[in-house]
Amino acid sequence: MVLKMPKDDSWNVVYAYSRAQAILDGVLVDVTETAKAIGFKLHTVVTDHLFHGYVEVPEGLDGEGQSVNGRLHDVMVLALFAARRAMNTDRVTFKVDFLMAPGRKETVEVVAHIDPGDHGEPVLTIMLPEDD
């Protein structure tokens, strides 16, 4: 037996978690100002997993020229390049190299996805594949 949802609003939403709530909770990190400086025109967030796991500079990299702003800038520029190459899609993937310890880098696949925000407006989310 297959149940179908009614096409009208006769059913009740049990729980909804908005993008705004996720930002307040820290699950999403608002990086809109950095994104605008790079060339994006949409409200932009990165997931906490990507931000705290890779954008924040790991301990032990003092003197290695690493900063949160620099690492975030790199992610956003690579996202912009990937978005410009994409055609007819709401999602692109790209790779970013992060210095994780002196002499040790990690290449990470990152996803940039445009979808509807809390009010149906287009918004951009940058995340790791497992954050989707």
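Which residue in E5 is the bridge partner of Val45? Keep that one in mind, everybody, and I'll come back to it shortly.

A word on what we're looking at. This is a predicted model, where local features need pLDDT of at least 70 and side-chain atom pairs count only at pLDDT 80 or more, while totals for chains, interfaces and linings use all residues. Residues are numbered from 1 along each chain as its sequence is written, and side-chain values use heavy atoms, with hydrogens and water left out.

Let's start with the overall layout. The chain has four helices and five strands; helices (H or I, at least four residues) and strands (E, at least two) are DSSP runs, numbered from the N terminus. Walking along the sequence, you meet them in the pattern α-β-α-β-α-α-β-β-β. The C-alpha trace spans about 60 × 30 × 30 Å along its principal axes. Of the 132 residues in the chain, 33% are buried, and buried here means under 20% relative accessible area, exposed means over 50%, and partly exposed is in between (1.4 Å probe, protein chains only). If you take contacts between residues at least 6 apart in sequence, 41% join residues at least 24 apart; a contact means heavy atoms within 4.5 Å.

Now to the sheet. The five strands make an open sheet in the order E1-E2-E5-E4-E3, with mixed pairing; two strands pair if DSSP finds at least two bridges between them. Strand E1 (28-30) and E3 are the edge strands, each with a single partner, so one side of each has no neighbour in the sheet. On average, neighbouring strands are turned by 30° against each other, direction ignored. For angles in general, axes are lines fitted to C-alpha atoms, for helices over the stretch in contact, and angles run from 0 to 180 degrees between N-to-C directions.

Back to my opening question: the bridge partner of Val45 in E5 is Thr125. That pair belongs to the E2 and E5 pairing, where four bridges join strands that run parallel. On to E4 and E5, which pair in the antiparallel sense over six bridges. There, Ile114 stands opposite Leu124 in E5, and Val111 has Met127 as its bridge partner in E5. The hairpin of E4 and E5 has five residues between the strands, and Gly120 takes a positive phi near 85° in it.

How buried or exposed is E5? Five of its six residues are buried, so E5 is largely enclosed by the rest of the structure.

Then there is E3 with E4, antiparallel and joined by 10 bridges. Phe94 has Val110 as its bridge partner in E4, and Lys95 has Glu109. As a general reminder, side chains in a regular strand alternate between the two faces of the sheet. These two strands form a hairpin with two residues between them, and Gly103 in the turn has a positive phi of about 80°.

What about the helices? Helix H3 (residues 48-55) lies across E1, strand E2 (43-47), E3, E4 and strand E5 (122-127), running at about 65° to E2. H4 packs on the sheet as well, touching E2, E3 and E5, and its direction makes about 155° with that of E3.

Next, the largest pocket, with about 200 Å³ of space. On a 1 Å grid over the protein atoms alone, a pocket is an open set of points where a 1.4 Å probe fits, with protein on both sides within 12 Å along at least five of seven lines, and lining residues have an atom within 4 Å of a point. Its lining has 14 residues, and the closest to its centre are Ala83, Ala86, Thr89, Val92 and Ile114. Helix H4 (68-85), strand E3 (91-101) and strand E4 (104-116) each give two or more residues to that lining.

Last stop, two aspartates. Asp30 sits in strand E1 and counts as partly exposed at 41% relative accessibility. Beyond its neighbours within four places in sequence, Asp30 is in contact with Ile23, His43, Thr44 and Val45, so we meet Val45 again. Asp62 is in the loop between H3 and H4, and it is exposed, with a relative accessible area of 73%. From Asp62 to Gly120 is 43 Å, C-alpha to C-alpha, with their places 58 residues apart in sequence.

Thanks, and I'm happy to take questions.

Conventions. Points joined across faces, edges and corners; volume = space filled by probe spheres on them.
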